[in-house]
Amino acid sequence: MQTEQQILSQLNEHQKESVIYCDGPQLIIAGAGSGKTRVLTYKIAWLLTHYNMKPWNILALTFTNKAAKEMKERIAQLVGQQRAQQLQMGTFHSIFAHILRVEATAVGYGSDFTIYDETDSRSLLKNIVKEMGLDDSIYKPANVHSIISNAKNRLLDVNQFAVHYSNSSNTNHDLTDLPNIYLTYQQRLVQANAMDFDDLLFNTFLLLRDHPDVRAKYQQRYQYVLVDEYQDTNFAQLQILQLLTEHNPHVCVVGDDYQSIYAFRGANIGNILNFNKTFSNAKLFKLEQNYRSTQNIVAAANSLMKHNRQQIAKNVFSRNDEGDKVVEWETISDKREATVVCHEIKRLMRAEGLHYSDFAILYRTNAQSRTFEEEMRKPEVGLGSHYQIYGGTSFYQRKEIKDVIAYFRLVVNPSDEEAFRRIINYPTRGIGNTTLQKIVVTAQRDNTSLWDVINHPGEHLLDVNKGTMTKLSNFTSLIDSFIQRLHTNNALQLAQSIIEQSGIKKDLAVDSTPEGEARRENIDSLISGIADFVDSQMEASLADHALLTDYLSTVSLLTDADNTDDSDDKIKLMTIHAAKGLEFNTVFVVGLEKNILPSIQAAEGNQLEEERRLLYVAITRAEKHCYLTWAHARWRYGKMDPFVEPSCFLDDIDPTFISKKSEGGSAMSQGRPWENDGHSRPWSDNFEIDQPYTGFHAWGDGYRKASNRMQNSRPVAGQFMADMKPKITGPHRREEAVNPFSQRMEEKLKSTGRWSRVSKAMANGGRLATSDASASSYSMANGQQLKVGNVIEHSRFGKGTVTAMTGTGENCKATVEFEETGTKQLLLKFSHFTIVG
DNA sequence: CACGTCACTGTTTTT
DNA sequence: CAGTGACGTG
């Protein structure tokens, strides 16, 4: 807990002004590394302490769950756990989903609506296109969805879209049926009691616009509204923000137009550029001092941005050391690029005593991670257990996980069409495509859900033979038996029953391949995740309130990024998008090539400017060292492209701040190196080679074979880290070393057998054994040795003294008086704590 | 209806 | 290359 004066003393003048000003709409332009998160968290602390606001009256909207979680933790350090916990803080999507569950009937939904993810939306669209007799190679589901998504982000309903679409001069006339598809898509969503991501915004807008009583309620609740990453908001989000604050001047938005990298998803940079017009009497604040990076890095990044037209004038500067120049490194091939990067990492570790976690490799597309993964896993490189890939195939995208979740979805919301389709014949139960089509046709004729048809086949005159009918009725009674238990069993019990009784467990058990093993472990990880969810719900509310419904509504909006932990000492590999908000001692931005960065899709105009901002974000993640690498030859789409050109952005950066390196030295500039005879080692004088020279057939047969070998030995599930903690960002990185939260998190990781199991299985995709020396586990059984009088440190409630113990075994409960948060009952089976006295 | 084989196609970023 | 869909066979 800190006093007002302590809070203010940790801020510079501009930060302080931004924190203290609470008299009206406020836009804070916060340059990279300028302490944006610090200002937001301190401002919220200020509202709580100086103005005595109730935490539940403060709404703070972020772009990612991760950012919300991190901010909550940092606020907790300032004002205590309890108040931080009660803040209304989360992503637009999660906060609005929550509101919509409460107000569901007002927008024509049931409160157990499913949230369709991208895959569900595309799959539904694909079905619709087929049903309408259209060609899905013209109406590509992904493309159609992005058009509909854009329309929804601009709050165009079907009718408005149709008008808009027919009037639009640049209409692609091949796609005249788009309005019809949108119409059907929307009808089917409603029929399935499902919303897609965009509906969460659209329906919230409609709810607030059309229901004055509801609007008044939330206007009253949210007395101060703060928005992070404002440059990434879209039209719909702005409209909602305006509705929520129409009578309320207490709006604070923070952003950086330089870091707007989500226009492709509808983000409107105009929101930040026009803030002062949208909100009258708005006041502008600028944070321009970068505390993160060296002067050279900041200057290089600034010089790049001079080439963008659309921007708010600003002068980002650093008073840190001048530092090294940004290194531009030209390599012969993508494989060599990976080699160079790994070498450089090892060299810097030796030279400067850096840790693995000081490094990040950032790329434009997820596919680029592969070359680096393969390089690091070579025995002679020896980095196989020291890296961690973010993103890629998310845990929740894995087939086996989606299958299980589909069961959950159907049980919670039987109308869910996509879930139904996914599991009606998984595990195989003899209900094939023919039967499914009959069900679909019947459902459409009778204007009802697929579930309703098989649940009441007689009423709907479903025409299938007797054997099939038996199979269907077995399926419905199975699902029904789960539905019966929905409100009596907790999420964990029900989930386990579903996995067993559905036959999923058995189906996976017979698979003795390593892939099957990995799938089983993924399922175990999911179960562990549910156990942990139940645990946190029980601790938080002490009610029997951890139902499958609750789990599902949380999990639908989770992404793998929300569960990744940076506290491990690992080299981080991720897309530039995923790196936003993070910082690293040393950053390698790789693949700086034409058609990669900038992407082939974004060759000109606004899109090119966005790509340039993307590079800006990447460079400004670096504190001390920044490398920009590119390769002359790249293996892509199963083919070698030997004529790669460097990115045009490399020429945009002022050469004063760059030092150029090239693998081939002068040989490179004299001609294409692959035109050499293949027996020289043109790059050898630049650094030592620690692998056998393979010559230029590197992109001939040998290359391909090597690549296949790697492919076969790759972990099936890829890499995924469970429940990890975001890195604390902010100007003063040093505070991280003593950040109590990091320590607490580590304790948490070590304190439960469950955690190490989860993180290990997920991190390794079930197969790849990494070095995991730290996991000294403290199992829950030990927790039962707890005695009255013990002092414990709880992962959420802090320090407290045990005053009573009840129950035995599974049901062993402790009554604990926490210093900060009062008396709680802990079910030991589920609690995370360590005994400290 | 299940399963295996084969050809095709598409690859940006993500709440 | 990898994931998907079409098609043929058991």
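Which polar backbone atom is 3.3 Å from a phosphate oxygen of DNA strand B? The atom belongs to G432, whose backbone, rather than its side chain, supplies the polar partner for that phosphate oxygen. Before going further, a reader new to this structure should keep in mind that the model is predicted.

Two residues that follow in the numbering, T434 and T435, also face the phosphates of DNA strand B, but here the polar atoms come from side chains. For T434, a polar side-chain atom lies 2.4 Å from a phosphate oxygen of the strand, while for T435 the corresponding distance from a polar side-chain atom to a phosphate oxygen is 2.5 Å. Both T434 and T435 are also listed, together with R265, R364 and Y637, as the residues that come nearest to DNA strand B out of the 24 residues around the strand. Of the atoms of DNA strand B that come within 4 Å of the protein, 51% belong to sugar and phosphate. The surface near the strand can also be described by residue class, and there it comprises 15 polar residues, five nonpolar ones and four charged ones.

Away from the DNA, the reader can turn to the way helices pack against one another. Two packed helices are described by the angle between their axes and the distance between the axes.

Helix 3, which covers residues 36–49, and helix 4, which covers residues 65–79, have axes that come within 9 Å and cross at roughly 50°. At that angle, which falls between the limits of 35 and 65 degrees, the two helices therefore count as oblique to each other. The crossing of helix 3 and helix 4 is right-handed. On the side of helix 3, the residues that take part in the contact include L40, I44, A45 and L48, and on the side of helix 4 they include M71, I75, L78 and V79. By class, the contact of helix 3 with helix 4 consists of nine nonpolar, three polar and three charged residues.

A second pair is formed by helix 7, residues 118–131, and helix 10, residues 178–191, with axes that come within 10 Å and cross at roughly 120°. Helix 7 and helix 10 are therefore oblique to each other, and their crossing is right-handed. Among the residues of helix 7 that meet helix 10 are L124, L125, I128 and V129, and their partners in helix 10 include I181, Y185, R188 and L189. The contact of helix 7 with helix 10 divides into seven nonpolar, three polar and two charged residues.

Note on methods:
Residues numbered from 1 in each chain as written. Chains lettered and ligands numbered in written order. Predicted model: local features only at pLDDT ≥ 70, side-chain atom pairs only at ≥ 80, totals over all residues. Heavy atoms only, no water. Near = heavy atom within 4 Å. Polar contact = N/O pair within 3.5 Å; in protein donor to acceptor, adjacent residues only side chain to side chain. Nonpolar A, V, L, I, M, F, W, Y, C, P; charged D, E, K, R; others polar. Axes fitted to C-alpha atoms, helices over the stretch in contact; angles between N-to-C directions. Helix = DSSP H or I, 4+ residues; strand = E, 2+ residues; numbered from the N terminus. Parallel < 35°, antiparallel > 145°, perpendicular 65-115°, else oblique. Left-handed = near helix turned anticlockwise from the far one by under 90°. Contact = heavy atoms within 4.5 Å.
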